[in-house]
Amino acid sequence: MHEMSYLIKIINLAEQIAKENGANNIRKVEVEIGQTSGVMPYYMYKYYPDAVKNTLLEGTELVCIESPVIAMCEECNNEYQPTKENRYLCPHCGGRKAHIIRGKGVVIKNLVIED
């Protein structure tokens with residue numbers, strides 16, 4: 001249930017951003033969730049109403065956007081989506097060495113706020 005720890009971080013950060021921008025009300029929080037983050041959008045939605053009680057985010061809408069894994073080949077610098085079908089190899093050069101550049105974290109992508 002590490003989704004709750006992510007929710008708490010998101011709530012704290014969203015409240016901080018709202019205060020810095022003089023906003024009195026937040027309408028929507030859009031969060032990008034990487035496929036390899038281990039975070040399940042189902043549980044984010046499930047726990048969100050309880051997590052935002054008595055905060056500036058109470059009554060807001062949560063939108064979770066799943067982010068696919070994107071890797072960069074260390075041999076040819078090509079970006080690609082590793083898949084089981086290509087045995088996770090670079091489809092451009094067949095390279096085996098790559099690092100994930102997208103799809104592994106949880107990030108606030110957008111806040112819809114009111115002043």
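This report walks through a predicted model of one protein chain, from its overall build to a few single residues.

**Overall build**

Let's start with the elements. The protein chain has 2 helices and 6 strands, and read from the N terminus they come in the order α-β-α-β-β-β-β-β.

How does the radius of gyration sit against that of a compact globule of 115 residues? The globule would come out near 13 Å, whereas the protein chain has 18 Å. The C-alpha trace spans about 50 × 30 × 15 Å along its principal axes. Burial applies to 34% of the 115 residues. As for the surface, about 7,200 Å² of the protein chain is accessible, and carbon and sulfur atoms hold 47% of that.

Contacts and charges round off the overview. If you take the contacts with a separation of 6 or more, 70% of them are between residues 24 or more positions apart. The protein chain carries 13 positive and 15 negative charges, and the mean positions of the two sets are 7 Å apart.

**Strand E1 and its partners**

Strand E1 covers residues 25-34 and is mostly covered itself, with 7 of its 10 residues buried. Which strands does E1 pair with? One is E6, residues 106-114, which runs antiparallel to E1 and is joined to it by 8 bridges. Another is E2, residues 61-67, and here the pairing with E1 is parallel, over 7 bridges. For a residue-level look, valine 31 has isoleucine 108 in E6 as its bridge partner, while isoleucine 33 is bridged to glutamate 66 in E2.

**The E4-E3-E5 sheet**

Further along there is an open sheet of 3 strands, ordered E4-E3-E5 and paired antiparallel. E4 and E5 are its edge strands, each pairing on one side only. E3, which takes in residues 70-73, is tied to E5 by 4 antiparallel bridges. Within that pairing, alanine 71 is the bridge partner of isoleucine 100 in E5.

Here are the strand pairs with their bridge counts side by side:

| Strand pair | Sense | Bridges |
|---|---|---|
| E1 and E6 | antiparallel | 8 bridges |
| E1 and E2 | parallel | 7 bridges |
| E3 and E5 | antiparallel | 4 bridges |

**Loop residues**

Glutamate 75 lies in the loop between E3 and E4. Is glutamate 75 buried or exposed? Its relative accessible area is 51%, and since the cut-off for exposed is over 50%, glutamate 75 counts as exposed. Exposed or not, glutamate 75 has company: leaving out residues up to four places away in sequence, it touches Cys93, Gly95, Arg96 and Lys97. Glycine 94 is 19 residues from glutamate 75 in sequence, and their C-alpha atoms are 9.1 Å apart in space.

The next loop, between strand E4 (79-80) and strand E5 (98-102), is where arginine 87 sits. Tyrosine 88 is in the loop between E4 and E5 too. What is the sign of phi at these two residues? Most residues other than glycine have a negative phi. Arginine 87, though, has a positive phi of about 55° without being a glycine. Tyrosine 88 also has a positive phi, near 65°, and is likewise a residue other than glycine. With a relative accessibility of 59%, arginine 87 counts as exposed, because that value is over 50%.

Methods
Residues numbered from 1 in each chain as written. Predicted model: local features only at pLDDT ≥ 70, side-chain atom pairs only at ≥ 80, totals over all residues. Heavy atoms only, no water. Rg over C-alpha atoms; globule rule 2.2 N^0.38 Å. Buried < 20%, exposed > 50% of the residue type's maximum accessible area, 1.4 Å probe, protein only. Contact = heavy atoms within 4.5 Å. Areas by Shrake-Rupley, 256 points an atom, 1.4 Å probe, with all protein chains shown as cover. Lys, Arg positive; Asp, Glu negative; His and termini not counted. Charge placed at Lys NZ, Arg CZ, Asp CG, Glu CD. Pairing = 2+ DSSP bridges.
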